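Explain how the strands of this protein are put together, and what can be said about its cysteines and its internal space. Please go through the structure part by part.

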Amino acid sequence: MDPCPFVRLIVESLALKLPQATKPAGSGVYPTTTPCFCKLRLKNFPSQTALLPLSNGSGESPPESSTSAAGFHLDGSTIRRLSGKPVTLRIEVYTGRMGHTCGVRCGKLVGRVKVTVDLGVSQTRPSVFQNGWMKLGKEPEKPTAKLHLTVKAEPDPRFVFQFDGEPECSPVVFQIQGNIRQPVFSCKFSADRSRSRSLPPDFGNKNSGWMRTLSGEKERQGRERKGWMIMIHDLSGSPVAAASMITPFVPSPSSDRVSRSNPGAWLILRPNGFSVSSWKPWGRLEAWRERGPIDGLGYKFELVTENGPNNGIPIAEATMSVKKGGQFCIDRRVSSDSSAMSLRSPVKGFVMGATVEGEGKISKPAVQVGMQHVTCMADAALFIALSAAIDLSMDACQLFSRKLRKELCHDHDNESFS
């Protein structure tokens, strides 16, 4: 099947130029030491926030440094709805800290700009709608701040997958294109808590960098969620990917939750030949529960590449709401604060987005995978296994005072890892 049409609206090269103060600061003049940020708004989409570095350059020259926003991802139905209509991207620029104090926004509004976007041709070729400086003020005689930005859209076709049930119920996975649903994978979940799942006998010796053991203190607690595993099979029945819980999820001392200091972990595995012992790690996913900006409580995830946890490069991280769930996204086209880490990452471009539900909800994870990262269906299976591990981690990170669903508690058959 062909991929689904997507368009990515990209906002990059963001920087701010503030007018220089030639007299005591007053209306329209801003101190250059103030931190700045902007909010990007597109109708019917959640707003995006990005930091703004200050530029000291003169004239219309490009800024010395810049940042990028997360951007907006438009699926086929949205593209059809908006094609032929002018779409307005609104950018609000603030000085001061992001967030709120006592319910009052901390940042001070500097000004707003608008960029009109036409998505009519963006499905087939890249389009640039703005590239350069824009004035934030409307009074020509007063010093005016300027915002530098590049706004463009480009085709971003993706393969879309949907679990037909919760991962612990061993569902079928469908590929979605419009109204067509075609089965492409089957899942087999097992929860063998009595021992580690049947990884190859010498896997720990060959991959010691990936394995992490529990301290004696944690083992003595006697409360742990371990041995979970999900195997992804193609339609012929051959295993093409797997997610194996290699570090049990246990509560921290004097606590009822999995914490950052003691995260649980999964290995995302890919086959390498036909031998049982030839499975190799593709990535390591760690998960824990912590307080954060989303609904007060959130699940935290971090994915590391195949180089190992000590020398590995973090590909992505995400915080999801305990109540609402959220999306885990791997997208290396967006620079983060750790820009040097981004440049070193072997993963480039949009890789995947996995959407899962929060606690107490029926979860049928949805997965999008960038077309350039899928040369065969086995490539997609890795991301299916990863999304299943993310969804199952939200169950494993539940408070230990809560009882898990029966599918997660019962030991299943002990089929070998083959």
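Phe185 stands opposite Asp234, a residue of β14. The two positions belong to a predicted model, and the contact between their strands is a good place to enter it. Strand β13 and strand β14 (residues 228-234) run antiparallel and are joined by seven bridges. Further along this pairing, Cys187 has Ile232 of β14 opposite.

On its other pairing, β13, which covers residues 180-191, meets strand β12 (residues 172-177) in the antiparallel sense over six bridges. Here Pro183 of β13 is the residue opposite Phe174. The hairpin of β12 and β13 leaves two residues between the strands, and Gly178 in that hairpin takes a positive phi near 65°.

From β14 the chain goes on to another antiparallel pairing, with strand β15 (residues 239-247), over five bridges. Ile230 has Ala243 in β15 as its bridge partner. These strands, β14 and β15, also form a hairpin, with four residues between them; in the turn, Gly237 has a positive phi of about 95°. How enclosed is β14 by the rest of the structure? Six of the seven residues of β14 are buried, so the strand is largely enclosed.

Strands of a sheet pair through backbone hydrogen bonds, in a parallel or an antiparallel sense. One open sheet in the model has four strands in the order β3-β2-β5-β8, with antiparallel pairing. Its edge strands are β3 (48-51) and β8 (108-117), each of which pairs on one side only. From one strand to the next, the twist of this sheet averages 20°. Within the sheet, strand β2 (residues 36-42) runs antiparallel to β3, and four bridges join them. Phe37 stands opposite Leu51 of β3 in this arrangement.

Phe37 also leads to a glycine elsewhere in the sequence. Gly96 and Phe37 are separated by 59 residues in sequence, but their C-alpha atoms are 7.8 Å apart in space. Gly96 sits in the loop between β5 (87-95) and β6 (100-101). Is this loop glycine buried or exposed? Gly96 has a relative accessibility of 17% and therefore counts as buried, the cut-off for that class being under 20%.

Another open sheet is also built from four strands with antiparallel pairing, in the order β4-β1-β10-β9. The strands at its edges are β4 (72-75) and β9 (127-135); each has a single partner strand, so one side of each is left without a neighbour in the sheet. The twist here averages 15° from one strand to the next. At the β9 edge, β9 and strand β10 (residues 146-155) pair in the antiparallel sense over eight bridges. Val128 is the residue that stands opposite Lys152 of β10.

The cysteines come next. A disulfide is a covalent bond between the sulfur atoms of two cysteines. How many disulfides are counted in this model? The count comes to zero. The rule asks for a pair of cysteine sulfur atoms within 2.5 Å. Cys38 illustrates the result: the closest cysteine sulfur to its own is in Cys36, and because the distance is 10.0 Å, the two are too far apart for a bond. Cys38 is also buried, with a relative accessible area of 0%. Cys329, by contrast, counts as partly exposed because its relative accessibility is 24%.

The last topic is enclosed space. By the rule used, the model has one cavity of 30 Å³ or more. The largest cavity holds about 100 Å³ of space. Which residues line the largest cavity? The lining is made up of Glu166, Glu357, Gly358, Glu359, Gly360, Lys361, Ser363, Asp391, Met394, Asp395, Gln398 and Arg405. Sorted by class, this lining of the largest cavity has seven charged, four polar and one nonpolar residue.

Technical notes: Residues are numbered from 1 along each chain as its sequence is written. This is a predicted model: local features need pLDDT of at least 70, side-chain atom pairs count only at pLDDT 80 or more; totals for chains, interfaces and linings use all residues. Side-chain values use heavy atoms; hydrogens and water are left out. Buried means under 20% relative accessible area, exposed over 50%, partly exposed in between (1.4 Å probe, protein chains only). Two strands pair if DSSP finds at least two bridges between them. Axes are lines fitted to C-alpha atoms, for helices over the stretch in contact, and angles run from 0 to 180 degrees between N-to-C directions. On a 1 Å grid over the protein atoms alone, a cavity is a set of points where a 1.4 Å probe fits but cannot get out, and a pocket is an open set with protein on both sides within 12 Å along at least five of seven lines; lining residues have an atom within 4 Å of a point. Grid points are joined across faces, edges and corners, and a volume is the space filled by probe spheres set on the points. Ala, Val, Leu, Ile, Met, Phe, Trp, Tyr, Cys and Pro count as nonpolar, Asp, Glu, Lys and Arg as charged, and the others, Gly among them, as polar.
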